[in-house]
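User: I would like to go through this model step by step. Where should we begin?

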Amino acid sequence: CRVEVVVDGSGAANAGVKTGDVLTSADGTPLRAPDDVLEVLSTREVGDVVELELRRGEETLRLKVTLG
């Protein structure tokens, strides 16, 4: 799931997510399609922290995102 837009000041931006990153999992759940992201986040609430695993070029990163 490629990140198309990161909103300034959002939890994703504050955690370091960048446009072009490829999300591979959220809290250990594999993300294979955009709907997978929505499914995982729909079970969370504002203020929850989600650990995202993503690829940025050749690098794999794990970022903790506080949902807003």
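Analyst: On a 1 Å grid over the protein atoms alone, a pocket is an open set of points where a 1.4 Å probe fits, with protein on both sides within 12 Å along at least five of seven lines; lining residues have an atom within 4 Å of a point. Points join across faces, edges and corners, and the volume is the space filled by probe spheres set on them. The model is predicted, so local features need pLDDT of at least 70 and side-chain atom pairs 80 or more, while totals for chains, interfaces and linings use all residues. Residues are numbered from 1 along each chain as its sequence is written, and side-chain values use heavy atoms, without hydrogens and water.

User: What is the volume of the largest pocket?

Analyst: The largest pocket is lined by 21 residues. Ala-12, Leu-23, Val-37, Leu-41 and Leu-52 are the closest of these to its centre. Its volume is about 460 Å³.

User: Which element gives the largest share of that lining?

Analyst: Helices (H or I, at least four residues) and strands (E, at least two) are DSSP runs, numbered from the N terminus. Helix 1 (11-15), helix 2, strand 3 and strand 4 each bring at least two residues to the lining of the largest pocket. The largest share is four residues, and it comes from helix 2.

User: In what order do the four strands of the open sheet lie?

Analyst: Two strands pair if DSSP finds at least two bridges between them. The pairing in this open sheet is antiparallel. Strand 2 (29-30) and strand 4 each pair on one side only, so they are the edge strands by the pairing rule. The order is 2-1-3-4.

User: How many bridges join strand 3 to strand 4?

Analyst: Take the pairs one by one. Strand 1 and strand 2 are antiparallel, with two bridges. Strand 1 (residues 22-26) and strand 3 (residues 49-56) are also antiparallel, with four bridges. Strand 3 and strand 4 (residues 59-66) run antiparallel too, and the number of bridges joining them is eight.

User: Which residue of strand 4 stands opposite Val-49?

Analyst: Start with partners between strand 1 and strand 3. Leu-23 has Leu-54 as its bridge partner, and Val-22 has Arg-55. Now move to strand 4: opposite Val-49 stands Thr-66.

User: Which residue has a positive phi in the hairpin of strand 3 and strand 4?

Analyst: Look at the turns. The hairpin of strand 1 and strand 2 has two residues between its strands, and Asp-27 in the turn has a positive phi of about 50°. The hairpin of strand 3 and strand 4 has two residues between the strands as well. There a positive phi near 65° belongs to Gly-57.

User: Is Ser-25 buried or exposed?

Analyst: Ser-25 sits in strand 1, with Pro-30 as its bridge partner in strand 2 and Glu-53 opposite in strand 3. Contact means heavy atoms within 4.5 Å; beyond neighbours within four places in sequence, Ser-25 contacts Pro-30, Leu-31, Glu-51, Leu-52 and Glu-53. Buried means under 20% relative accessible area, exposed over 50%, partly exposed in between (1.4 Å probe, protein chains only). At 12%, Ser-25 is buried.

User: How many of the five residues of strand 1 are buried?

Analyst: Ser-25 is one residue of strand 1, and it is buried. Strand 1 as a whole is largely enclosed by the rest of the structure, because of how many of its five residues are buried: four.

User: How many residues has the largest nonpolar core?

Analyst: A nonpolar core is a set of buried Ala, Val, Leu, Ile, Met, Phe, Trp, Tyr and Cys residues joined through side-chain atoms within 4.5 Å. Val-17, Leu-23, Ala-26, Leu-31, Leu-52 and Leu-54 have the most contacts inside the largest one, whose number of residues is 15. Strand 1, helix 2 (34-41), strand 3 and strand 4 each supply at least two residues of this core. So the count asked for, by the core rule, is 15.

User: What relative accessibility does Glu-39 have?

Analyst: Glu-39 lies in helix 2. Its C-alpha is 16 Å from that of Arg-2, and the two are 37 residues apart in sequence. Glu-39 counts as exposed, because its relative accessibility is 58%.

User: What is the relative accessible area of Thr-60?

Analyst: Thr-60 is in strand 4. Beyond residues up to four places away in sequence, Thr-60 touches Glu-53, Leu-54 and Arg-55. Thr-60 is partly exposed, with a relative accessible area of 46%.
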